[in-house]
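Visitor: I would like to learn how to read a sheet and a pocket in a model. Where should we begin?

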Amino acid sequence: MYVPAHPRYADIADANGHPARVPFIAYELFAHLSDGSVALAFTTLEKLVSALGPAQPWIAASIGPLAEGMREHGARVRLDPEVARAHHNWQPADLAAYAREVS
């Protein structure tokens, strides 16, 4: 599955009190009329790009662990959902700003 997600970083202090940056993956949740917050998953990269645009960050993930993790947080997974036209969550300028933020 191809899932809208992107790397994030938490700035923490390590065991010696030194600053450290810890990476993790943030799954993007979307509002859904009947299901509340949902994660979107697509069976092909082409479907993800068609629905959310070419600037959308994504990861490849297995549907089982994704659905299990979402269920633990009260969210559902929508597979190959219909997305409103021109609802591109990320624009190319967003990617550039994100790259500056995390570098």
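Guide: Begin with strand order and pairing. In this predicted model, 3 strands make up an open sheet, ordered β3-β4-β6, and the pairing is mixed.

Visitor: Which strands stand at the edges, each with a single partner strand?

Guide: They are β3 (29–32) and β6 (76–79); each has a single partner strand, so one side of each lacks a neighbour in the sheet. Averaged over the sheet and with direction ignored, neighbouring strands are turned by 50 degrees against each other.

Visitor: In what sense do β3 and β4 pair, and over how many bridges?

Guide: The sense is antiparallel, and the pairing of β3 with β4 (residues 36–41) runs over 4 bridges. Within β4, Val38 is the bridge partner of Phe30.

Visitor: Which helix packs on the sheet?

Guide: Helix α2 (residues 63–72) does, touching β3, β4 and β6. The direction of α2 makes about 140 degrees with that of β6.

Visitor: Now the pockets. How is empty space found?

Guide: A probe the size of a water molecule is rolled over the atoms, and this shows where empty space is left. Here, the second largest pocket has a volume of about 160 Å³. It is lined by 12 residues, of which Phe30, Ala31, Leu40, Glu82 and Val83 are the closest to its centre.

Visitor: Which elements give two or more residues to that lining?

Guide: Those elements are β3 and β4. The largest share, 3 residues, comes from β3.

Visitor: How do the lining residues of the second largest pocket divide by polarity?

Guide: The lining has 8 nonpolar, 2 polar and 2 charged residues.

Methods: Residues numbered from 1 in each chain as written. Predicted model: local features only at pLDDT ≥ 70, side-chain atom pairs only at ≥ 80, totals over all residues. Heavy atoms only, no water. Pairing = 2+ DSSP bridges. Axes fitted to C-alpha atoms, helices over the stretch in contact; angles between N-to-C directions. Contact = heavy atoms within 4.5 Å. 1 Å grid on protein atoms, 1.4 Å probe; cavity = no way out; pocket = protein on both sides within 12 Å on 5 of 7 lines; lining within 4 Å. Points joined across faces, edges and corners; volume = space filled by probe spheres on them. Nonpolar A, V, L, I, M, F, W, Y, C, P; charged D, E, K, R; others polar.
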